[in-house]
Amino acid sequence: MHSRSSLALSLAVMVASGAGTLAALDWPLKAKLFPMVIGIPLFFLAAAEVAWILLSKTPEEKTAQAEISPAIARRRSLLGAGWILGLLASVVLLGFPIAVPLFVFLYLKLQGREGWVISIAIALGTWGLFYGLFDRLLHLPFPAGWLLSWVGFFS
Amino acid sequence: MLEALLQGLLAVLQVKAFSFMLLGILVGFWVGLLPGLGGATTLALMLPFVYNMQPVEAFAFLLGMHSVVATTGDITSVLFGVPGEATTAAIILDGYAMTKNGQAGRALGAALTSSLIGALIGAAALALAVPIVRPLVLSFGSPELFMLAVVGLAFIASLSAQGVRGMVRGFIAGGLGLYLAMVGQDPQAGVARFTFDSLYLSQGIDLVPVLVGLFAIPEIIDLVVRGSSIAGTTNPGRIQGALEGVKDVFRNGWLTIRCSLIGTLVGIMPGMGGAVAQWMAYGHATQSARSPEERAGFGNGDVRGVLGPGAACNSKEGGALIPTVAFGVPGSTSMAILLGGFFLLGLVPGPEMLTTHLSVTFSMVWTIVLANVITVVLCFLLLNRLARLTTLPGHFLIPVILVLVFIGSYTTNSSYADLVVTLVFGAVGYLMVRAGYPRAPLVLGLVLGKIAENYLYISVARYDAAWLLRPFVLVLLAVAVGVVLYPFFQLWRARKRARA
Amino acid sequence: MRSLLFAVLAALPLVGAAQASPYAGKTVTIVVGYKPGGGYDAMARLLARHLPKHIPGKPTVIVQNMPGGNSIIAANYLYSSAKPDGMTLGTFNRNLPIAQLTAVQGVKFDMRKFAWIGSAANETTVLTIRDDLPYKSFDELRKAKQPVVIGSTGPGANTYDFPLLLKDLLGVNLKIVSGYSSSADIMLAVERKEVDGRAGSISSLRPFVERKLVRPVVRARSHDVDPTIKDLPTDESLAPNPRAKAIMALRSAPELIARPYVMPPNTPPELLKIMREAFVAAIKDPAALAEANKAKLDLEYTSGDEAMKVLAEVLNQPKDIVEEFSKYVKFGE
């Protein structure tokens, strides 16, 4: 697992620095100098790491979390990532004002198996902090639905 | 001069000024604790309130608020692994690791004490610099700024694990950071680099969403995986050891002072940005390891990795005030806003602040000192309560922290793209932790890349090759070489000892 | 039943007041295309404090920051997403007309279709050089044998574009060094004699002119010019040919509407009228002027109709001028 993570990372860095260097070729000298000077060595460092991983026979052991079996750890990691992506989806689809209390409530109720009262109380408390501070006091723009908000993003 | 020093103190101790300072501390306390809600933004929002204040009152309010933010930002970083401020991320590495080992109290004790010492040293530097401030700041030109960035980047070597493999990984991380710094329109030819035609990326990648993703997201997933409280099962019921943390700072007194000086120096440099200070200090702290085993302990809860960044983060504020006061040229974003405060009050920063208005300048020094003392005392009183949060079952904290992380990153540009950046770097951070890559070099590269590029171009355009022979450039070059070679020296020394 | 009737009767005057002004009890939002802390943001916050008393119904006025893409994101939002119900105002980068003209990636608005309220300030760009240099006037600067080093942030900023045109179109012996993090950093470079001068708006340079660090030598066209720089030559008046003059005029045009304020397209005319009147009144309000003066902000009113004229001037340029112009000036901050 350890070396698989490293393989994924260094391959990604290879792709990014390789593609970046190719893209930089067309630029004027002053714009491309730094991207080239950094990008090319970066590509080879990442390539060295990839070669290292592929050539080494014994994969390195992961040290931490001795008390949790790898299978459970993997399942829980995916669960955590799922909750995080779920929050992103609900923010985008429903907007912060609804997503914030909903997420806190659902997490406490489903993941934490807390009672109704505690779940609702903490959800409301978080919402109160959110609404009072970020909405009323700081006037951050929190778009309501997803249709409004994709304007200007990757356009 | 002594008279002005005393006048400055008396001015701050006036009832009105003092109460405004307390108010500022109260606001700053919360701003620091909440991730993402930055000190600079808050300063901008508070500016309108200073219209009807006297200069000393206004600065007691603004500076009081500002000096506290770094201190309480450290608390969030240490307790929850979430950067409370962009400038307090470095303390996470060892601070949060200590918390996970059940040593939250000791980590906080060290962080707060070193913050206080750092702030005092920064304030002292500001006061002492008064007679020499102009030549001091003017002797640092673009070539020196470039070399300082190089020194910063040289710390990548110290921040990597020892051995060739560790170095390769460290430099991949550092190179990636530098590469990310290139995103956005370049200031030489005006080319939009790596923006994929997106408006969001056209002004470069912001630090806050990256930091939050890189550090907070992996820790949240880790907390889900462990399924326990942050402090885990090691927690003995009542958290103690704050005093131990205080003692740690004095045991490593010389290191604390050195890191404070690094912070002050970075603060004085206009355009270096506050985020650089902590990382350079952290890099320096790792150099104090005497054996490979000790070095490997950094990142797993070495107290020196807490007190170094803690000191630098607060000492940089005194330093940042120096160019602001003496030239009307702000050393950081917050200082730029503070400068707006000067104008509002009818003060024109510049040489006069060192002569006619000297007592105002000294009142700022005193505000920094008093605000920090008050905050640290306050925090020590609350410390046990705060630390107890880490013994709560994880599922209480996870949703609240996650929501705050999302909002915090969203406040950067009020764009959902901020959230996407956070999650992308969350994934990168997660992989880096699993694969054993150091995250610090990535951050250093990101914060220093632009500075290195721009100031190199300026140096060459302005001085051709002659800049290489400037005395400070040579000194900094020697320092950079020393910093790069130091890990090898550490290794050699350790081997020699082992043989002996 | 009777109590209900009473309640209705009691509420009538309130309803009457609410109907008198569409703004009573409402919240008006000023969307700013930048982060808090800059000039655009400071102006919006100043107006947010002084607009309410001049709008019938005294609504609450708040400021929302929507930064990114040199405020193209905010302009796109105002153009197509914000409701034209009179409750949203916007202020953004004055150079957006240039972005539209040169078809910058991501622009999804037509400046002319916004409901223009006007501009709260105009800027005059000047070139300042160090006071201790031997060149006391622009004429003397033009004869300089040694290149005069001008510090700048980068293409797209007036610290870069203005001296670039002076150099390329008027042949002034300037050397532009770009890459400084901010205009404040350039001032420090001036202070340590790393560079010889900087261009920028007079409002940002005034403190340094007053303390005799730098002196202004040439300015761009403007209206309501600060009396201390009124007699400086303008770049356009020295242009060697109409083409050069057109390019300089195009660069400086957005500065006439330096703090633009708009409402979304298709905002009802009666609401626009209320807002335009409140805008003038707030800008001329002595309390607002006093505050602006303290904060070193310039406050000058330009009407929405005049803003439209400036837009027409910018956007109706012949193609060849636009092409020529794009060679020199890039859209930026």
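What share of the 333 residues of chain C count as buried? The notes below start there and then move on to chains A and B; please keep in mind that this is a predicted model.

1. **Chain C overall.** To take the opening question straight away, 54% of the residues of chain C count as buried. The C-alpha atoms of this chain fill a box of roughly 95 × 45 × 30 Å along the principal axes. Its secondary structure comes to 13 helices and 11 strands. If you are tracing contacts by eye, be ready to jump along the sequence: among those in chain C between residues at least 6 apart, 77% join residues at least 24 apart.

2. **The sheet of chain C.** Have a look at the open sheet of 6 strands, which runs in the order β2-β1-β3-β10-β4-β11 in chain C, with mixed pairing. Its edge strands are β2 (60-65) and β11 (302-303) of chain C, each of which pairs on one side only.

3. **One strand pair up close.** Within that sheet, β3 (residues 88-91) and β10 (residues 260-263) of chain C pair in the antiparallel sense, over 2 bridges. A handy spot to check is C:G90, whose bridge partner in β10(C) is C:V262.

4. **A helix on the sheet.** Helix α12 (residues 304-315) of chain C packs on the sheet, where it touches β4 (115-119), β10 and β11 of chain C. The direction of α12 makes about 100° with that of β4(C).

5. **The start of chain B.** Turning to chain B, helix α1 (residues 2-13) and helix α2 (residues 15-33) pack at an angle of about 70°, and their axes are 5 Å apart. That angle makes α1(B) roughly perpendicular to α2(B). On the α1(B) side, B:A11, B:V12 and B:L13 take part; they meet B:A17, B:F18 and B:M21 in α2(B). By class, this contact has 6 nonpolar residues, with no polar and no charged ones.

6. **Chain B against chain A.** The contact between these two chains brings together 48 residues of chain B and 54 residues of chain A. On the chain B side, the elements giving two or more residues are α9 (164-181), α10 (207-226), α18 (394-413), α19 (416-435) and α20 (440-463) of chain B. The largest share, 10 residues, comes from α18(B).

7. **Make-up of that contact.** How do the residues on the side of chain B that touches chain A divide into nonpolar, polar and charged? There are 34 nonpolar, 9 polar and 5 charged residues on that side.

Definitions and conventions. Residues numbered from 1 in each chain as written. Chains lettered and ligands numbered in written order. Predicted model: local features only at pLDDT ≥ 70, side-chain atom pairs only at ≥ 80, totals over all residues. Axes fitted to C-alpha atoms, helices over the stretch in contact; angles between N-to-C directions. Helix = DSSP H or I, 4+ residues; strand = E, 2+ residues; numbered from the N terminus. Parallel < 35°, antiparallel > 145°, perpendicular 65-115°, else oblique. Contact = placed C-beta atoms within 7 Å. Nonpolar A, V, L, I, M, F, W, Y, C, P; charged D, E, K, R; others polar. Pairing = 2+ DSSP bridges. Buried ≥ 20, exposed ≤ 12 C-beta atoms within 10 Å, placed from the backbone.
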